[in-house]
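The exercises below are to be worked with the sequence and the coordinates open. Each gives a task and then a solution in steps.

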Amino acid sequence: MSRTKTPLLALICIGICGAWMASCSNDEARECVPGTTRKCAGEARCEGVQSCVADGSGYGECDCSSLPRATGGAPGDTALTPFVGRPCTGVDPNECGAGLECFRSDSNDFFGGGPAGGYCSLSCNDDVECTSIDRQSACVGAPGGGPGLCIRTCLSQDPNPGENKCLNRRDLACNSEVYLGLVEATGLRQTGWCFPQCGSDEDCDGRVCDLARGLCTNARSPGAPIGARCEGVSATECAGGICLRIGETDRLCSAPCVFGQPVGCGYGVSANPRDAACFAPRVTGSFLGGGEGIGDIGFCVELCSQASDCEQAAENNWVCSLSQAAQDRLGRPGICNVPPLADGGLDSGADADANGPGVVPDASATSDGG
């Protein structure tokens, strides 16, 4: 059996939910019994479960990322289905299901860093070692050889209702074959791998989020911040590992993010104001169609309320392009953009490599980190 041929540096770089209801005669004001679960429909109509909160006042958010064993401890409870990519804490040795272990955010065991929220996986040398536990997984090799890790597989573009793409996690992004430069775009959904993509330090439990690699680490990658000028000559000139070209001459530092999520680009749920956000999918399609979508890798842009908020305002006369759409979708009134008379811009369309002027990834300045 052969190990998967795709090395990491080329890439990166519901069980049964049986809710039980105990008697609440001692506290009739409660809406539910703490710890019980029930089925629910989450984002994109994904199938998930929600748990009763500690004070019994109601159920929490619908979680499509894990499919817990039945609650209540009654005989016949179903064992946890092992899913590669399920979030975990490492506290319960059985939380990943049989055959898998928890790679925690405070470790360096996931290709040199820790995945935000934890990642249920297994060291592997062959795809079969992964698929025998979870059919929607594959073995991805480590840089320089040696054992790889089981990584959850996915399909690019918007997920179908109930698909649970990358287990519907906010901190995983589908890195498609097209995004990784392994195949050409066809307009159809492409195979991908669900790699960790932390959004901010809030995800990393006391460590920092290295946006370029998508992992929790002890130090960030060096380089300029999102929005700064870059020349496209080195993968390390931008801290986020990406230099985007706009039109013929303008460039800005960016970073990968999970498109469609309200967090990322260095800013978590509690951030106010947000100075950067996930603007669009990195693969925007071509005349064939097939632009990527929710859950795929996106790219970050700098947000603003006025031109002086922009990294390149003084040096390159960048402006703050105001729009209601930016306010509604990204949480700030505007997006830092090239001067109005410049060729193209952040709102000018798809990749210029395929369709003319627009936001274009400069491959020479894009890191292998994903």
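**Exercise 1. Confidence**

What is the mean pLDDT of the protein chain, and what percentage of its residues reach 70 or more?

Solution. The model is a predicted one. The mean pLDDT of the protein chain is 80, and 75% of the residues reach 70 or more. Next, locate stretches of low confidence. Residues 67-77 have pLDDT below 50, and beyond near neighbours in sequence this stretch makes 29 contacts in the model. A second stretch is residues 348-370, where pLDDT stays under 50. For residues 348-370 the model has 88 contacts beyond four places in sequence.

**Exercise 2. Disulfides**

Find how many disulfides the whole structure holds, then describe the links made by C130, C166 and C198.

Solution.

Step 1. A search of the whole structure gives 14 disulfides. Among them is the link between C130 and C150, with an S to S distance of 2.1 Å. This pair ties together distant parts of the chain: C130 lies in helix α2 (residues 127-131) and C150 in strand β7 (residues 148-155), 20 residues apart. The torsion about the S-S bond of C130 and C150 is about -85°, so this disulfide is left-handed. To classify the cysteines, apply the cut-off for buried, under 20% relative accessible area. C130 has 0% relative accessibility and therefore counts as buried. C150, also at 0%, is buried.

Step 2. C166 and C194 form another disulfide, S to S 2.1 Å. Here too distant parts of the chain are linked, with C166 in the loop between β7 and β8 (172-176) and C194 in strand β9 (residues 191-196), 28 residues apart. With a torsion of about -90° about its S-S bond, the link of C166 and C194 is left-handed. C166 is buried at a relative accessible area of 4%, and C194 is buried at 0%.

Step 3. C198 is joined to C209, again with S to S 2.1 Å. The torsion about the S-S bond of C198 and C209 is 90°, and the link is right-handed. C198 sits in the loop between β9 and β10 (208-210), and C209 in strand β10, 11 residues apart. The relative accessible area of C198 is 1%, so C198 is buried. C209, at 3%, counts as buried.

**Exercise 3. Salt bridges**

Count the salt bridges, and for the ones made by D134, R229 and D309 state the partner and whether the side chains are buried or partly exposed.

Solution.

Step 1. Side chains of opposite charge can pair when their charged atoms come close. The count of salt bridges is nine.

Step 2. One of these joins D134 to R152, at 2.6 Å from N to O. D134 is in the loop between α2 and β6 (137-140) and R152 in strand β7, 18 residues apart, so the pair links distant parts of the chain. D134 and R152 are both buried.

Step 3. R229 pairs with E231 at 3.1 Å, N to O. R229 is partly exposed, with a relative accessible area of 28%. E231 is partly exposed as well, at 42%.

Step 4. D309 meets R332 in a salt bridge of 3.3 Å, N to O. D309 belongs to the loop between β16 (297-304) and α3 (313-316), whereas R332 belongs to the loop between α4 (324-330) and β18 (334-337), 23 residues away. At 31% relative accessibility D309 is partly exposed, while R332, at 8%, is buried. Through shared partners, salt bridges join D275, D309 and R332 into one network.

**Exercise 4. A hairpin**

Which way do the residues of β12 point, and how many bridges join β12 to β13?

Solution.

Step 1. Strand β12 spans residues 242-246, and five of its five residues are buried. I242, L244 and I246 point one way, and C243 and R245 point the other way. The residues on both sides are buried.

Step 2. β12 runs antiparallel to strand β13 (residues 250-254), and five bridges join the two. One bridge partnership is that of R245 with R251 in β13.

Step 3. The hairpin of β12 and β13 has three residues between the strands. In this hairpin G247 takes a positive phi near 65°.

Terms used: Residues numbered from 1 in each chain as written. Heavy atoms only, no water. Disulfide = S-S within 2.5 Å. Helix = DSSP H or I, 4+ residues; strand = E, 2+ residues; numbered from the N terminus. Buried < 20%, exposed > 50% of the residue type's maximum accessible area, 1.4 Å probe, protein only. pLDDT = per-residue confidence, 0-100. Contact = heavy atoms within 4.5 Å. Salt bridge = Lys/Arg side-chain N within 4 Å of Asp/Glu carboxyl O. Pairing = 2+ DSSP bridges.
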